[in-house]
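This report looks at burial along one helix, at salt bridges and at surface charge.

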Amino acid sequence: MKGNRAVLYLRLSKEDADKVSKGDDSASIINQRLLLTDYALAHEFKIIKVYSDDDESGLYDDRPEFEKMMIDAKMDEFDIIIAKTQSRFSRNMEHIEKYLHHDLPNLGIRFIGVVDGVDTDNEDNKKSRQINGLVNEWYCEDLSKNIRSAFKVKMKNGQFLGSSCPYGYKKDPDNHNHLIIDEYAAKVVRRIYKLYLSGYGKAKIGSILSSDGIVIPTLYKRNVLGENYYNCKSLDTTKNWSYQTIHTILNNETYTGNLIQNKVNTLSYKDKKKKILPREKWIIVKNTHEPIVEPEVFRMVQNLQKARTRSVGSMEENGIFVGMIYCADCRHAMSRKYARRGERGFIGYVCKTYKTQGKQFCESHSIDIEDLKEAVLYSIKDEARSILKPEDIDELKKMEVYDESKNCYEKQIADIQKRIEKIEKFKRKTYNNYMEDLISKEEYIEYTSEYDNEIKELQLQQSTIQNKSELQQELDNQYDEWVEAFRDYINVTELTRDMILELIDRIEVNGDSSITIFYKFENPYKS
């Protein structure tokens with residue numbers, strides 16, 4: 001019956017002391033359910049559904065069950081929301097105004113807080129709802145400040161507070177705020193540093209580790225260490241070491257035995273967005289745990305990375321494109337362009353022919369360095385991401401398609417071979433019949449001629465199918481080479497000299513400042 005269809009909303013926050021464990025209904029959730037069920041039955045409300053958010057903060061409205069409830073509200077699935085208190089529904093004053101005083105009334109939905117007496121059908125308690133909203137928000141703000149303050153004290157005392165350790169370490173079973181070495185992963189970390197100092201690029205190192213069957217950090221933490229670990233920067237299908245993972249490991253100072261924390265911070269207690277803090281605000285405590293990499297080795301790697309991103313000869317900043325930039329018309333290498341005023345810094349490239357000989361020999365092709373970096377980075381990521389596009393065939397699906405077509409070709413060739421063998425058997429029978437005078441010479445010649453023609457036709461078909469199979473194999477090899485080159489750059493955020501040297505032959509700048517990139521590896525499936 002319209003008007004009494006009710007849903008129960010239960011929420012257990014991270015701060016609730018009686019929480020059992022994530023994923024379980026705690027005593028608090030059970031008690032909420034019993035309380036609200038009794039209330040609904042006493043008031044003759046028909047319970048349609050129960051929404052329960054476990055381990056979710058009331059400050060945010062992106063709670064899984066809360067979101068489902070609001071979608072169902074818009075679909076006219078119920079008439080009443082019953083919660084223990086207004087704070088279980090939300091602790092954010094903005095959300096109280098949005099939902100209780102705007103969205104729900106417009107949808108004709110009533111909200112009831114059983115314990116605190118909140119009822120949106122009662123206009124007289126709107127002010128008390130708003131006051132409660134402010135009190136709840138002040139509580140969250142004070143709690144957030146206290147937690148942050150306590151965390152900073154622990155950080156300054158050298159206690160590790162991360163939910164997951166850096167790859168190569170694990171939490172000390174006797175003290176979860178202390179890092180100890182995970183010998184298997186630590187060997188991989190040391191190998192990465194050794195390979196980089198031996199001259200291998202980051203993408204190549206990732207390729208070597210993948211080829212050797214070494215499990216990537218995300219899967220290692222999940223499947224080997226048994227952690228409930230999630231990496232927002234990786235895809236669920238990722239199984240290969242990426243450029244970004246190697247880059248992160250090579251720049252993590254934690255491996256030297258120093259604990260570096262407070263590198264990022266949330267914008268406010270009401271916002272999940274994070275900002276990166278400058279190094280002077282980091283909390284660094286030295287010698288808190290056993291190093292995996294000696295400090296001198298770490299410094300050598302940092303210096304080598306800087307050297308590889310500088311230009312050859314001039315050693316100026318943003319020299320990652322040296323020897324790669326050409327004019328699209330005259331095809332000569334482009335010269336550096338500098339600002340005419342101010343600091344006179346390097347700002348981009350201009351056609352050398354135009355610069356030295358004038359416009360009668362070439363047009364004024366030029367491009368700013370920041371535009372160039374942005375365009376090249378976008379192009380590399382676009383090439384990498386096209387691996388995952390269905391129309392370009394992702395790696396897994398593509399291999400399945402190839403295996404299917406390969407098996408099809410092999411079956412066709414085998415079937416034709418069986419047919420040829422069968423005809424040759426008929427030929428031998430025909431010869432025996434002729435020798436036993438069962439058929440005439442003319443009949444023998446006619447039969448064998450037909451058999452020979454059929455065999456020739458089948459052999460031609462067999463040859464055509466074999467060529468198709470070999471062409472598919474060649475295409476597959478090209479695809480594998482392309483995947484090997486680009487798959488590590490799907491989530492890359494920064495260009496490096498190594499990356500450009502590995503992937504690009506040359507970059508040509510057109511008259512309109514657009515660019516054409518000539519890659520060393522072409523995507524055979526991309527038009």
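## Burial and charge in a predicted model

Helix α2, residues 64–74, has E65, F66, M69, M70, D72 and A73 as buried residues. These residues lie on the same side of α2, because the arc they cover around the axis is only 160 degrees. I71 and K74, on the other side of α2, are exposed. The model is a predicted one, and side-chain atom pairs count only at pLDDT 80 or more.

Salt bridges come next. The count comes to 16 salt bridges. Three of the pairs are set out in the table, with the distance between N and O.

| Acidic residue | Basic residue | N to O distance |
|---|---|---|
| D121 | R110 | 3.6 Å |
| E508 | R331 | 3.6 Å |
| E454 | R419 | 2.6 Å |

D121 and R110 meet through their side chains in a salt bridge. This pair links distant parts of the chain, with D121 in the loop between β5 (118–119) and α5 (126–156) and R110 in strand β4 (residues 110–113), 11 residues apart. D121 counts as exposed because its relative accessibility is 56%, above the cut-off of 50%. R110 has a relative accessible area of 22% and is therefore partly exposed.

E508 and R331 form a salt bridge whose closest N and O atoms are 3.6 Å apart. E508 lies in strand β16 (residues 504–509) and R331 in the loop between β12 (325–327) and β13 (334–338), so this salt bridge ties together parts that are 177 residues apart in sequence. With a relative accessible area of 6%, E508 is buried; the limit for this class is under 20%.

The side chains of E454 and R419 meet in a salt bridge at 2.6 Å, N to O. Distant parts of the chain are linked by this pair too: E454 is in helix α14 and R419 in helix α13 (residues 395–435), 35 residues apart. E454 is partly exposed, with a relative accessible area of 27%, and R419 is partly exposed as well, with 32%. Elsewhere, R5, D76 and D79 are joined into one network by salt bridges that share partners.

The last topic is surface charge. Which residues gather in a patch of negative charge on the surface? They are E442, E443, E446 and E450. E442 has its place in helix α14, which spans residues 441–486. Is E442 buried or exposed? E442 counts as exposed because its relative accessibility is 59%.

Definitions and conventions
Residues are numbered from 1 along each chain as its sequence is written. This is a predicted model: local features need pLDDT of at least 70, side-chain atom pairs count only at pLDDT 80 or more; totals for chains, interfaces and linings use all residues. Side-chain values use heavy atoms; hydrogens and water are left out. Patches are made of residues with over 30% relative accessible area and no salt bridge: like charges are joined within 9 Å, nonpolar side chains (Val, Leu, Ile, Met, Phe, Trp, Tyr) within 5 Å. Accessible areas come from the Shrake-Rupley method with a 1.4 Å probe; for residues, only the protein chains shown count as cover. A salt bridge is a side-chain nitrogen of Lys or Arg within 4 Å of a carboxyl oxygen of Asp or Glu. Lys and Arg count as positive and Asp and Glu as negative; His and the chain ends are not counted. The place of a charge is taken as NZ of Lys, CZ of Arg, CG of Asp or CD of Glu. Helices (H or I, at least four residues) and strands (E, at least two) are DSSP runs, numbered from the N terminus. Buried means under 20% relative accessible area, exposed over 50%, partly exposed in between (1.4 Å probe, protein chains only). The arc is that of the directions from the helix axis to the C-beta atoms.
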